[in-house]
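The report below is written to be read alongside the sequence and the coordinates. It moves from whole chains to contacts between chains and then to single residues.

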Amino acid sequence: MADLLRVEGLGKAFDGFRAVADAALVVPQGAIVAVIGPNGAGKTTLFNLITGLLPPDRGRVVFDGHEITGLPAHEICRRGVGRTFQIANIFPRLTVFENVQVAVLAQRRTSANLFRPAAGQAVEDTAAILERTGLLARAQAVAGTLSHGDQRILEIAIALGSRPRLLVLDEPTAGMSPEETAATMALVGRLAREGGLTILFCEHDMSVVFAVAQSIMVMRGGRTIAQGPPEAVRQNREVQEAYLGDAGA
Amino acid sequence: MTVPVRRPARASAGAAVALLAALALFPVVGPAFAVYVLALILVTGLLALSLNLVLGYGGLYQFHHAVFYGVGAYTLAVAVTRGGWPAWLGFLAGPLAAALAGLLIGWFCVRLTRLYFGMLQISLGSLLWIVVLRWYPVTGGDNGIHDIPLPAVLQSVVGAYYLILAVVALSAGVLYLIVRSPFGITLQAIRDNAQRCQTVGVDVRAHQIGAIVIAAFFAGTAGVLYVALERSVFPNLLFWVLSLEIFVMCLLGGWFTFAGPMLGAALMVALRTVIGRYTDLWTMFVGIILILLIFFMPEGVAGTALARLRARGAGAGGRG
Amino acid sequence: MDLSALASQLLVGLSRAMILFIVSAGLSFVLGVLRVPNVFHGSLYMIGAFVAFTIAAWAGEPALGLALAIAAAPLVVALVGLVVERTLLSHLYQREHLMLILFTFGVMLILNDVVKLVWGADYRSILPPAALQGMASAFGLALPRYNALLLGAGPVVAVAMWLFTHRTRVGTIARAAAVDREMVGVLGIDVSRVFALAFVVGCYLAGLGGALVAPTTSISLGMDHTIIIEAFLIVTIGGLGNIWGALVGSLLFGVTQSVGLLVWPQFAVVFPYLATVIVLLARPTGLLRSVW
């Protein structure tokens, strides 16, 4: 299996604090890969570096054989990397439908179209995504009025709108009830199986990680200390000391 | 698959046509002074509508929008009086010059966010204002330029009124289309969450610059229409106080509605005309009204009315 | 033009920069502590000048009148600020900047007409006492005496502000609030009183600037319009909320203007604006560290 994403020696410092010091990561085509690590390990910063929200100080990010290090976020998205955020990051004053439509229009490069009404454009693709994510019934609701769980699902729907090949999810179940967590992870699994999506996510809930991920990367203090299949990671002594020991896996 | 898609309300389209017909007939029955006030309302209203594209829909701190109004007006005035251009060419050049100014100023400003965006725009705009104020041979300095020769049709208030009505109606229609277009929806998405837009592949800065250029173009259009009505220009057209006044109009009408700013402009111009008859302290009234609005009606008159309507029809879902 | 004339010109520019500094330090302090971009700061400056005129006229004797005016006018202005803060502004701190700007603009419109009602639309002026008229000279440089006084006033205010924010309890809290508002709340300090005091200090400085400038200019309606825009630009290029930034920005403003007077008098006023634009393009968030 070819590697869809490769990260090598990535580093980023803020005012001298090295949030990510030396991160390495391999995401094979079609796989579900998790990043774990204690709070402040640099997971979110790593995702921001990969998706272009932050420019790295050093290191390389290679997507689908092309280096994308330091490209602007919208450019990286256009190459096929979609993402969600830890907090519900949506367009609160737009309708649910428009939230997803914006992404679909951007993906089709028709965002700059000035005079044709948007109401008739990209309707079917948008609706298909809403249907897949179970949001179709709420299509005309103003997004800011959705429940927290639905807003997180909407986030995934927005990310799907840009037709990513790699979907990066930053703690997709944070703040969710156990039922919502189960439903969300079922959705993620289905997207990977049926849509042929490659998924990279980070997560606090170890049961979720070990149930879903095919490969796990462990970070601590901004560094990658291991990556491998769940069983190997579980038995890695350094990982146990660094993380699983005190997190109580 | 059937999707409940928001449709432009038939009722408001009907209302727009009825309003347009009433405005077209008004000079037949109305006194000349009222026609003049109405023309001023339309010009100011277009200015406020154009600001609201970047302010209400784009979420940008466009602190010095009057600059584009002034650039449009001065371009026409200078082209006709100093350059000897035919008036129609000046009328075209005004909005284009304003759009160019929008491109230049916007290109610099979108690098910054929020208050810094606004402050950079004020400094760039004030730079233009100072140049207009001091460049006597071309701009007439603090005296401005008066008695600008325009075609005979525009010499009468009614003639100017019909030009203004036609252009404002057309411009408002185009702005409405833009707001509902993919560009418009994307602009609103950027307002709500610029970071999220980047990560779905939207070039945020390019869209923001585009919006500023379009808004500047229509502000410049309002500027040339102002000259058609008043046949004079003066530096206060691009002074920061006017910029804040346009802001107030948008707030007054409601900046999350399309027509709100036009309503706000109408209220402001009408207030100034009515109160101005009795006292020269009319800015105090505007100040008091503004403060009352901020405390009691932060969504503006139209916004508040709309919210009431929605609350009454709650359960219908969606928005107007 | 010979070198000493150039130097004198620069000194005049510097003395003007001191007025700008005093006014923009107040604006910057309010921006830093309260996060309020106060548009009516310029009106307070204008009121300071008009009140100074009234006091000086009432006192009659020029030296006494000027001294009284400079002592009392800023206090009157601070009182105006206190009333606005307690009755209206203090209810709006949670609102967006946009609303705060519009609110302070509304107050500006009202104050403008209040000034028109009280003092009318005429030009007023204060005659400086004989001791402060004419030219002072030192090291072969000539400078109007009153400008020499202003040259001294700037550093005095700068030191006083430093002492206030570093050596008094309330000032230290205000400074802390500028950097981290949550922390101050957590410490169990009555933030509302700190805010009120900070706002009043800011207004006092606007009034002081107005009182100090009064003898050098014609006092009139509209004098608030230019000062506020200049003060905002100075605060922005200095770094929002940074008082030393306000000093740097004021010096840049004053010096570029006096250089402009030598180079291209007709467009002298353009130079500071041009300098502002260049600074903002090179360092978008200001020369010194912003507290925002």
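What follows describes a predicted model, beginning with the overall build of two of its chains.

## Chains B and C

Chain B is built from 14 helices and zero strands, so that its pattern along the sequence reads α-α-α-α-α-α-α-α-α-α-α-α-α-α. Chain C, by contrast, comes to eleven helices and two strands, and its order from the N terminus is α-α-α-α-β-β-α-α-α-α-α-α-α. The radius of gyration of chain C is 19 Å, close to the 19 Å that the globule rule gives for 292 residues, and chain C is therefore as compact as a globular protein of that length. For chain B the corresponding check also agrees, because a compact globule with 320 residues would have a radius of gyration near 20 Å and chain B has 20 Å.

The bulk values of these two chains are set out in the table, one chain to a row.

| Chain | C-alpha extent along the principal axes | Buried residues | Accessible surface | Carbon and sulfur share of that surface |
|---|---|---|---|---|
| Chain B | about 60 × 50 × 40 Å | 57% of 320 residues | about 12700 Å² | 70% |
| Chain C | roughly 60 × 45 × 35 Å | 55% of 292 residues | about 11700 Å² | 69% |

How do the contacts within each chain divide by sequence separation? In chain B, residues 24 or more positions apart account for 77% of the contacts with a separation of 6 or more. In chain C, among contacts between residues at least 6 apart in sequence, 76% join residues at least 24 apart.

The charged side chains can be described for each chain in turn. Chain B carries 18 positive and 8 negative side chains, and the centres of these two sets lie 14 Å apart. Chain C has 14 positive and 11 negative charges, whose mean positions are 8 Å apart.

## Contacts between chains

Two pairs of chains touch, and of these the pair formed by chains B and C has the most contacts. Chain A and chain C, on the other hand, do not touch, and their nearest C-alpha atoms are 13 Å apart.

## Cysteines

How many disulfides does the structure hold over all chains? The count is zero, and two cysteines of chain B illustrate the distances involved. For B:Cys197, the closest cysteine sulfur belongs to A:Cys77 and is 10 Å away, which is too far for a bond, because a disulfide requires the two sulfur atoms to be within 2.5 Å. B:Cys250 is likewise in no disulfide, the nearest cysteine sulfur being that of B:Cys109 at 18 Å. With regard to solvent, B:Cys197 counts as buried at 0% relative accessibility, and B:Cys250 is buried as well, with a relative accessible area of 0%.

## Residues in loops

Three loop residues complete the picture, two of them arginines with an unusual backbone angle. Most residues other than glycine have a negative phi. A:Arg109 nevertheless has a positive phi of about 60°, although A:Arg109 is not a glycine, and C:Arg35, also not a glycine, has a positive phi of about 60°.

The settings of these arginines can be given separately. A:Arg109 lies in the loop of chain A between α3 (96-107) and α4 (123-132), whereas C:Arg35 is placed in the loop of chain C between α1 (3-34) and α2 (41-59). Is each of them buried or exposed? A:Arg109 is exposed, because its relative accessible area is 51% and the cut-off for exposure is over 50%. C:Arg35 counts as buried, because its relative accessibility is 15% and the limit for burial is under 20%.

In chain B, the loop between α10 (204-230) and α11 (240-253) contains B:Ser232, which counts as buried at 11% relative accessibility. When neighbours within four places in sequence are left aside, B:Ser232 is in contact with B:Ile145, B:His146 and B:Ile148, and also with B:Tyr226 and B:Val227. Of these partners, B:Tyr226 and B:Val227 fall within the numbering of α10 (204-230), the helix that precedes the loop of B:Ser232.

Terms used. Residues are numbered from 1 along each chain as its sequence is written. Chains are lettered from A and ligands numbered from 1 in the order in which they are written. This is a predicted model: local features need pLDDT of at least 70, side-chain atom pairs count only at pLDDT 80 or more; totals for chains, interfaces and linings use all residues. Side-chain values use heavy atoms; hydrogens and water are left out. Helices (H or I, at least four residues) and strands (E, at least two) are DSSP runs, numbered from the N terminus. The radius of gyration is taken over C-alpha atoms; the globule rule is 2.2 Å times the number of residues to the power 0.38. Buried means under 20% relative accessible area, exposed over 50%, partly exposed in between (1.4 Å probe, protein chains only). Contact means heavy atoms within 4.5 Å. Accessible areas come from the Shrake-Rupley method with a 1.4 Å probe; for residues, only the protein chains shown count as cover. Lys and Arg count as positive and Asp and Glu as negative; His and the chain ends are not counted. The place of a charge is taken as NZ of Lys, CZ of Arg, CG of Asp or CD of Glu.
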